[in-house]
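Walk me through this protein model. Begin with one aromatic residue, then widen the view to strands, rings and core.

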Amino acid sequence: VPPYEMVRSLKLKKTKKDKMPKDSLFIYSIMGDSFIIKPGLKSFKLNDKNHNIVAALINTPGIVEEEHDTTRADSSDFWDATRPPKDSKNGGKEKDTYTLFVFNAGSGLQRTFDKVLDFEMSKNGSTLVFIQSVSDTLDSFALMLFDAVTEQLETLKLTNGDIKSLALDEAGTQAAFLLTEDTSKIKIYNLWYAGLGKLHTFEAVSRNTAAMRSGWSVSDNGRLYFSKNGKKLFFGIAPVPVEEPEDTLLPEEKYHVDIWNWQDKRIQPEQKNQLQRDLKKSWFSVY
């Protein structure tokens, strides 16, 4: 993490949050007594099996991997508070993208992929799937498959819609994700499945699926994951979201009244506190 004195000094100067130094990823080679340093860390994952492979999302795209001798380590090299944040178009409405950094300690492989929104890694670490923006002007995204052992990169799905909620099975042979091609503010997602061996993807569940409750759809707030043996895929469903009608009243024309009934299971302050959680509620389902 950034040194305390540096953070304190910048806070005293009332530095904006997006200009504050971010955490950095340090990979230390015991044999070589050297660091690989990645400033601007957002998140990272290690594989559960042999810990040979690490993948990380970096806030500062385009940084070239460097090895630093530990005797020359200086905190000012790692946390640059003056580095400008990534430009955002359309008034900041674009999705935040990052650089995906993949490092294989066994082979020495280092790969970076730009404009990545999210990624998932299999338990053995060899399989990674990630969402990558492929256009600066349109909502065009690709779901990519990368083998960290063979270094093979494949495209699983290209779409002008929105992809989210990635999931991989334990063996790294199956993937699942949510996809919508709705352009409206209120989006309805469908559940997609990908067989990674044959690079085959198909829509598994939508609001029109026979078993789906009428007026319901796949929820983008539910947890998406495979069973341990990979034969079941768990996800959430919820009533189809409805866009609220346009508000035609001025603030001074509105009345604000909280009404609580003695039969309500939760008192009014608790209902208010848990409103966002209630709005994101989903029902556990299996495919």
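Is Phe234 buried or exposed? The model is a predicted one. In it, Phe234 has a relative accessible area of 14%. The cut-off for buried is under 20%, so Phe234 counts as buried.

Now the wider frame. The protein chain holds four helices and 18 strands. Of its 287 residues, 39% count as buried. Contacts reach far along the sequence. Take the contacts with a separation of 6 or more: residues 24 or more positions apart account for 45% of them.

Next, the aromatic rings. The structure has nine aromatic pairs. One of them joins Trp216 and Trp283: the ring centres are 5.1 Å apart and the planes stand at 70 degrees, so this pair is edge-to-face. The two partners come from distant parts of the chain. Trp216 belongs to strand E15 (residues 216–218) and Trp283 to strand E18 (residues 283–286), with their positions 67 residues apart. Their surroundings can be read from accessibility. Trp216 is at 11% relative accessibility and counts as buried. Trp283 is at 40% and counts as partly exposed.

Phe234 returns here, paired with Phe284. This pair is stacked, with 5.3 Å from centre to centre and 10 degrees between the planes. Phe234 sits in strand E17 (residues 233–239) and Phe284 in strand E18, so the pair ties together parts that are 50 residues apart in sequence. Phe234 is buried. Phe284 is at 59% relative accessibility, so Phe284 counts as exposed.

Charges also meet rings. The charged end of Arg213 sits over the ring of Trp216, at 4.1 Å from the ring centre. Likewise, the charged end of Arg223 sits over the ring of Tyr225, at 3.8 Å from the ring centre.

Turn to the hairpin of E1 and E2. Strand E1 (residues 24–29) pairs with E2 in the antiparallel sense, over six bridges. Ser29 has Ser34 in E2 as its bridge partner. Four residues lie between the two strands, and in this hairpin Asp33 takes a positive phi near 50 degrees. An aromatic cluster is found here too, formed by Phe26, Tyr28 and Phe35.

Why is E2 described as largely enclosed by the rest of the structure? Six of the six residues of this strand (residues 34–39) are buried, so the description follows. In a regular strand, side chains alternate between the two faces of the sheet. Both faces of E2 are covered. Ser34, Ile36 and Lys38 are buried on one side, and Phe35, Ile37 and Pro39 are buried on the other.

Phe103 leads from this hairpin to another strand. Phe103 lies in strand E6. At 12% relative accessibility, Phe103 counts as buried. Leaving aside neighbours within four places in sequence, Phe103 is in contact with Ile27, Ile36, Asn52, Ile53, Val54, Gly108, Leu109 and Gln110. Ile27 is 76 residues away from Phe103 along the chain, yet their C-alpha atoms are separated by 9.3 Å.

Which residues touch the most other members of the largest nonpolar core? They are Leu100, Val102, Phe119, Leu128, Phe130 and Phe146, in a core of 17 residues. Several strands give two or more residues to this core: E4 (53–58), E6 (98–104), E7 (110–121), E8 (127–133) and E9 (141–147). E7 gives the most, with four residues.

Phe119 shows how such a residue is surrounded. Not counting residues up to four places away in sequence, Phe119 touches Ser43, Lys45, Ala55, Ala56, Leu57, Leu100, Leu128, Val129, Phe130 and Leu166.

A polar residue makes the last stop. Asn190 has its place in strand E13 (residues 190–195). Asn190 is buried, with a relative accessible area of 17%. What joins the side chains of Asn190 and Glu203? A polar contact of 3.1 Å does. Glu203 is also among the residues that Asn190 touches, not counting those up to four places away in sequence. The others in that list are Phe177, Leu178, Leu179, Val205, Ser206, Arg207 and Val218.

Key: Residues numbered from 1 in each chain as written. Predicted model: local features only at pLDDT ≥ 70, side-chain atom pairs only at ≥ 80, totals over all residues. Heavy atoms only, no water. Buried < 20%, exposed > 50% of the residue type's maximum accessible area, 1.4 Å probe, protein only. Pairing = 2+ DSSP bridges. Phe/Tyr/Trp six-rings, centres within 6.5 Å; stacked < 30°, edge-to-face > 60°. Lys NZ or Arg CZ within 6 Å of the ring centre and 35° of its normal. Core = buried A, V, L, I, M, F, W, Y, C linked by side-chain atoms within 4.5 Å. Contact = heavy atoms within 4.5 Å. Polar contact = N/O pair within 3.5 Å; in protein donor to acceptor, adjacent residues only side chain to side chain.
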